[in-house]
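Please open the structure in your viewer and keep the sequence beside it. The tour below proceeds from one selection to the next.

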Amino acid sequence: MEEITITIDMLWLVLIVAVLGLLVVGAIVFFAWKAFSDDSRGFVNYEYYLDFLSTHKIRSNLPVYVNEAYADYLQKRNEFWSTYGQVVVAVFIVIILAILMLTKTITAEAGLPILSAVSGFAIAKGVSSSKNSPTNPNDPNNG
């Protein structure tokens, strides 16, 4: 069995890659935390509008539209978090594989196909989630 030896230069390179990888993952996590930490963002509290309509005796289809919009908001939010989680896992896998390839624990013949598969999956997931936005067939602007 071949023994793996790590030189000081290789150790520094592995540490640099690990720190840069952790910074990238930290930046992704910070983005999501900052994007969704503000309580004023997200779906509007529509109880004020419903109270206004009921006090002024206005009947409208607003509750139906608001419920549809809220369901759409929840669907988009869930799609975002699903894609976000997959991107974080993909970035983490790429970092681990890069470190394993640098230390020659795995060879390039084994690591590069895995890297291409993970990056291809992440790219395809991003493209498919942006293309699957529902469209209204009655909209004259479609097509």
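In which helix do W81 and Y84 both lie, and how many residues apart are they? Both residues lie in helix α3, 3 residues apart, about one turn of the helix. Helices (H or I, at least four residues) are DSSP runs, numbered from the N terminus.

This is a predicted model, in which local features need pLDDT of at least 70, side-chain atom pairs count only at pLDDT 80 or more, and totals for chains, interfaces and linings use all residues. Residues are numbered from 1 along each chain as its sequence is written, and side-chain values use heavy atoms, with hydrogens and water left out.

Next, select the rings of W81 and Y84. Rings of Phe, Tyr and Trp (its six-membered ring) pair if their centres lie within 6.5 Å; planes under 30 degrees apart count as stacked, over 60 as edge-to-face and the rest as tilted. By this rule there are 4 aromatic pairs. The rings of F80 and Y84 are stacked, because their centres are 5.8 Å apart and their planes stand at 20°.

Add F80 to the selection: F80 and Y84 both lie in helix α3 (residues 62-102), 4 residues apart. W81 and Y84, in turn, form an edge-to-face pair, 5.2 Å centre to centre with 85° between the planes. Ring pairs thus link F80, W81 and Y84 into a cluster.

Finally, display the accessible surface. Y84 is buried (under 20% relative accessible area, 1.4 Å probe, protein chains only; exposed is over 50%, partly exposed in between), at 14%. F80 is partly exposed at 28%, and W81 is partly exposed at 35%.

Notes
Helices (H or I, at least four residues) and strands (E, at least two) are DSSP runs, numbered from the N terminus.
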